[in-house]
Each structure stands twice: as C-alpha cells, then as structure tokens.
Amino acid sequence: MNNENQTIRGIDVDLICEFFLNTQRQGPGSPEATLRALSFIDGLTDESRIADLGCGTGGQTMTLARYAPGHVTGLDFYPGFIERFNANARGANLGDRVKGVVGSMDDLPFREGELDLIWSEGAIYNIGFERGLREWRRYLRPGGFLAVTEASWFTDERPAEIHDYWMEMYPGIDTIPGKVAQVQRAGYLPVATFVLPENCWTEHYYAPLAKARELFLRKYAGNATAEELVAFQRQEEALYDKYKAFYGYVFYIAKKTGE
C-alpha cells in the first residue's frame, strides 16, 4: 500500500496519518496482548530477523523488541510514522537492533526465506488477510512464524447495523473458524488464536484518542474534513460499545509449513 492519492471514506490518508501521529498505538491492542502472542513463538535467537508490517509509530514493536531477541524491522508507508518509530526506538535504547523503514506491504524489501517472524497488529487488512498470508509466506524461513491481528466476527449472525457497517468498511471480515481455515489454506499450521480483551479497545486505543482529537481539532479549527474524520472515529467507538459482543480483534499465530 502506498499513500499516493489514497483516501479512506473520502478523507486524505495523509491527514488520517497525521492525526495518528499523536497516539502511541494506531489500533486496538496492548503490551499484554503482544506478549501473550509472543509466548506461542519459539526458536528465536539473537540472529533472528523479525519484521513488523504496518508498524505505525511502533507502540507494539517496542514491546516485541524488549522481549524477543533478534533484529526487528518496522515497515510502514507513511514517512511520519517511520520518523517517529525510529525516534521511539532510540528513546527506548533499542536503536542498535530496531529500525523503521518506509515501504509497502505489497512489495516487501526482504529476501525470500529471510524472516523468522512476521508481525502485524491491526494492519494486514490494508492488503487483505488472505492476500497478506499468501504473499508474505515466501519471506519466511521454513518453520518461521506469523502473528497478526484481524477484525473477526464472534457470531455467525449479528444485527444489521453492525453487519452493514463492516461490509462497507472491510468486506473481508469473517468468523474465527473462517479465518483459521484461510490460514491453513495459505500454507500455515495454526498455532494459537485468542480474542483481544475489551481493554485493548477502550483503555489502550479509544481513551488515548480523546486527547489526540483535542489536539487535532485545535490545530484544524473550522476544517470540515478534520471534523468529519473525528466524527467518523466517534461513530466507530459508539458502534464498538454497542456491538462488542459480536466482533473484535483476534490474534492469529501460525507457523509456515512445507519447504
């Protein structure tokens, strides 16, 4: 994914990314969830190569790097995120083995079989879950791991309001069994699956957004597009509060099979 002429719901992606520069995390998650996912991954050494795709400013990446050995590359298409990412790595004294690069999920700057672990929290949807699984697989060594979070249905049926919202926003959403089947078809052994707790949305994502909105609206006072972006985020938060029993983010951890 690149940011040339990109919009989301008619809002320029650069403006959206600028908003999220004021947040530590660009999607639902938490250090505890990151570490729980990491607990299912073995075989990492100081020589391991790890990539965090769609890393944003690196909130989850820094947690990952503190507890996993090896060298970590964070990749994101937005230069502002990568600038902040590298500053965060230096501030955490991780700059010797954590580096952010500007790049696209659909054109990774890695060699085939180079990576021991591919990580992606709340970002694989940018190119689609199945496509990401298939295309990223060749960059993993045999037996390498993949750990991603993905929006998933908790039930086979759900109210029309939330169903229609997600069909418009991300038609690739599916049930957890449906996603696990996609993992298997793409050439992985499913290792673990768990639902992100509610506090990954409320405490670690939506609560910090309130401060970011305040700063953003102050900077863009009277700007209709900025106000539209904030209104859209508030709608998303209200829908989650109303329908959280029906959907959420799920961590999928898998191991490359075959050659």
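In the predicted model, Glu214 is partly exposed, with a relative accessibility of 41%. Its partner is Lys211: the two side chains form a salt bridge with an N to O distance of 3.8 Å. Lys211 is also partly exposed, at 46% relative accessibility. Both residues belong to helix α8, which spans residues 199–219, and because they are 3 residues apart there, about one helical turn separates them. Side chains of opposite charge can pair when their charged atoms come close.

Helix α8 also contributes to a salt bridge that involves a second helix. The side chains of Arg213 and Glu237 meet with an N to O distance of 3.0 Å. This pair links distant parts of the chain, since Arg213 is in helix α8 and Glu237 is in helix α9 (residues 224–243), 24 residues apart. The two partners fall into separate classes of accessibility. Arg213 has a relative accessibility of 7% and counts as buried, because the limit for that class is under 20%. Glu237, at 26%, counts as partly exposed.

A further salt bridge joins the side chains of Lys244 and Asp241, with 3.7 Å from N to O. Lys244 is partly exposed at 28% relative accessibility, whereas Asp241 reaches 53% and counts as exposed, because exposed residues are those over 50%. Salt bridges also link Asp106, Arg131 and Glu135 in a network. Over the whole structure, the search finds 15 salt bridges.

The interior was examined next. The largest nonpolar core has 85 residues, and the members that touch the most others are Leu53, Trp119, Trp136, Trp166, Tyr247 and Ile253. In soluble globular proteins, nonpolar side chains tend to be buried together. With residues up to four places away in sequence left out, Trp136 touches Leu53, Met105, Leu108, Ile118, Ser120, Ile124, Ile127, Leu146, Val148 and Tyr188. Leu53, itself one of the core members with the most contacts, is thus among the residues that Trp136 touches.

Phe110 lies in the loop between β5 and β6, the latter spanning residues 115–120. Although it is placed in a loop, Phe110 counts as buried, with 13% relative accessibility. The C-alpha atoms of Phe110 and Trp136 are 10.0 Å apart in space, and the two residues are 26 apart in sequence. Beyond its neighbours within four places in sequence, Phe110 is in contact with Ala51, Leu53, Thr73, Leu115 and Tyr139. Leu53 therefore appears in the contact list of Phe110, under the definition of contact as heavy atoms within 4.5 Å, and it appears in that of Trp136 too.

Phe77 is another loop residue, placed between β4 (71–76) and α4. Its relative accessible area is 16%, and it is therefore buried. Phe77 and Ser104 are 27 residues apart in sequence, while their C-alpha atoms are 5.5 Å apart in space.

Ser48 is found in the loop between α2 (31–38) and β3 (49–53). With a relative accessible area of 3%, Ser48 is buried. The side chain of Ser48 reaches the backbone nitrogen of Thr45 at 2.8 Å. When neighbours within four places in sequence are set aside, the contacts of Ser48 are Gly43, Pro69, Gly70, His71 and Asp116.

Phe40 is located in that loop between α2 and β3 as well, but it is partly exposed, with a relative accessible area of 33%. Together with Leu189 and Val191, Phe40 makes a nonpolar surface patch of about 230 Å². A relative accessible area of 33% allows Phe40 to be counted in such a patch, because patch residues must have over 30%.

The last loop residue considered is Asn93, between α4 (79–91) and β5 (98–102). Asn93 is exposed, at 68% relative accessible area. The phi angle of Asn93 is near 60 degrees, which is a positive value in a residue other than glycine.

Definitions and conventions:
Residues numbered from 1 in each chain as written. Predicted model: local features only at pLDDT ≥ 70, side-chain atom pairs only at ≥ 80, totals over all residues. Heavy atoms only, no water. Helix = DSSP H or I, 4+ residues; strand = E, 2+ residues; numbered from the N terminus. Buried < 20%, exposed > 50% of the residue type's maximum accessible area, 1.4 Å probe, protein only. Polar contact = N/O pair within 3.5 Å; in protein donor to acceptor, adjacent residues only side chain to side chain. Patch = residues over 30% accessible without salt bridge, like charges linked within 9 Å, V, L, I, M, F, W, Y side chains within 5 Å. Areas by Shrake-Rupley, 256 points an atom, 1.4 Å probe, with all protein chains shown as cover. Salt bridge = Lys/Arg side-chain N within 4 Å of Asp/Glu carboxyl O. Core = buried A, V, L, I, M, F, W, Y, C linked by side-chain atoms within 4.5 Å.
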